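Below is a short report on one protein model. It starts with the cysteines and then turns to the whole chain and selected sites.

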Amino acid sequence: MARTRVLIMGAAGRDFHNFQTAYRDDPSVEVVAFTANQIPGIADRRFPAELSGPRYPEGIPIYSEDELPRLIRELDVGLVVFAYSDVSHEEVMHRASLVLAEGADFALLGPERTMLPASVPVISVCAVRTGVGKSGITKRVWAALRDRGVSAAVIRHPMPYRDLARMAVERYASREDLDRYGCTIEEREEYEHLIEQGIVVFAGVDYREIVDVAQAEFDAIVWDGGNNDLPFVRADLEIVAVDPHRPGHELAYHPGEANFRRAHAIVITKVDTATPSDVELVARNAAEVNPGATLIRVMSRIHAEDGERMRGARALVIEDGPTVTHGGMPYGAGALSARDHGAKLVDPRPGARGSIRAVFASYPHLTEVLPAIGYSAEQLSELEASIRATECDVVVIATPIDLARLIEIDRPTVRVTYRIEDVGRPTIDEVVARALAR
């Protein structure tokens, strides 16, 4: 019987997981290629033979998504599987139309087909968009488990930007581990703030093995989602964060809307900085499409170290990269804090160097903040050069890690962070306690 030739569209994460859980050992299909988008420098590689299984002894090539029409024709692709996140529904259907026009089928895999079972309790923390504030919720969930005598590991959504064969299973418990693995800025932003709280973080490429290792060592698992993707591990409690600074996006982006509709608990973040009408719009949408979910409101309390340095100053604000690029936010906590302190935000675009300039070209909504992008040593150097070339009095660092430890910044700096605080009841702790009781 002829096998269906499959191409998986991805961004170095969900695509690899879909392959390993749905297609790797399926004799009725042959996965002939991956395509890559969203993340620079992840195309023109191979998914390694060490992880592909005996049916793919040479691994699987990874191409840029720009080559998709040619690949469908030349590789005789019969099925294209869309497998990355934080994309508007309209954009997903544009890609589907392109695939259909080339004569192939287009598919999205359901979560039940790709979620892995665990032998310990699992709580997932996901979102409807990138940059909603789920990291603070992950820390609150972990602390709630710890306070009840339950040891928990955090399993993070994949960020396989380096040597895939060496990234099958990674365990992070210290900054030294981050250095040893050669983590990018993007990885450090997701891991370091958890490690600093005493949390052990697992990540990598082979999530079956990751789950096995984590559940052998810990009493429970907290899944920390990436972008607005669905969880890779079947959870007993699904918590989903939504951002009232982007009201309506919870119903307009893939697969965030699926998370929104599946959630057992919906957390509205940033209620202290969003308008009350936008908070209520998000709450009404939740009540309409997922009336059984528990609704929680929290503040994302912003804190600036040495904030007076920003008073009346020209401030170059550096924000979390994914939040302000494909997350679509024109600003983050750094810009909000700078404005609160009366700073004047400088335009970072004239000083942008190398690939940082290309990032601004790709995301024209960015006019007042510099995204922290550093997927390689070269890009990290270009970020440093971009900061040096920008006229300002102070550099506001609003990334989850302190960039001043990784690059040289020749101006005074202010570090901006945030923490989750409850607004009324129910609280995250109460929802976790009820789940443990069940």
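## Disulfides and cysteines

The disulfide count is zero, where a disulfide is a pair of cysteine sulfur atoms within 2.5 Å. In general, a disulfide is a covalent bond between the sulfur atoms of two cysteines.

Cysteine 183 is buried, because its relative accessibility is 9%. Buried means under 20% relative accessible area, exposed means over 50%, and partly exposed lies in between (1.4 Å probe, protein chains only). Cysteine 392 has 6% relative accessibility, so it too counts as buried.

## Basis of the model

The model is predicted: local features need pLDDT of at least 70, side-chain atom pairs count only at pLDDT 80 or more, and totals for chains, interfaces and linings use all residues. Residues are numbered from 1 along each chain as its sequence is written, and side-chain values use heavy atoms, with hydrogens and water left out.

## Overall fold

The protein chain has 16 helices and 21 strands. These are DSSP runs numbered from the N terminus: helices are H or I with at least four residues, strands are E with at least two. The C-alpha trace spans about 70 × 55 × 45 Å along its principal axes.

What radius of gyration does the protein chain have? The value is 21 Å, which agrees with the value near 22 Å for a compact globule of 438 residues. The radius is taken over C-alpha atoms, and the globule rule is 2.2 Å times the number of residues to the power 0.38. Of the 438 residues, 60% count as buried. Among contacts (heavy atoms within 4.5 Å) between residues at least 6 apart in sequence, 77% join residues at least 24 apart.

## Surface and charge

The accessible surface of the protein chain is about 17,100 Å². Carbon and sulfur atoms hold 48% of that area. Areas come from the Shrake-Rupley method with a 1.4 Å probe; for residues, only the protein chains shown count as cover.

There are 49 positive and 66 negative charges, and their mean positions are 2 Å apart. Lys and Arg count as positive, Asp and Glu as negative; His and the chain ends are not counted. Each charge is placed at NZ of Lys, CZ of Arg, CG of Asp or CD of Glu.

## Cis peptide bonds

Histidine 254 and proline 255 are joined by a cis peptide bond, with omega about -10°. Histidine 254 sits in strand S14 (residues 253-254). Proline 255 follows in the loop between S14 and helix H10 (256-262). Histidine 254 is buried, because its relative accessibility is 18%. Leaving out residues up to four places away in sequence, histidine 254 touches residues including Phe82, Tyr84, Asp86, His89, Leu108 and Asn228.

Another cis bond links arginine 425 to proline 426, with omega about 0°. Proline 426 lies in the loop between strand S21 (413-422) and helix H16 (428-437).

## Loop residues

Aspartate 44 is not a glycine, yet has a positive phi of about 60°. Its loop runs between strand S2 (29-36) and strand S3 (45-47). At 67% relative accessibility, aspartate 44 is exposed.

Asparagine 227 also is not a glycine, and its phi is positive at about 50°. The loop here connects strand S12 (220-224) and strand S13 (237-242). Asparagine 227 is buried, with a relative accessible area of 16%.

Proline 364 is in the loop between helix H14 (355-362) and strand S19 (369-372). Its relative accessibility is 61%, so proline 364 counts as exposed. Threonine 325 is 39 residues from proline 364 in sequence and 9.4 Å away in space, C-alpha to C-alpha.
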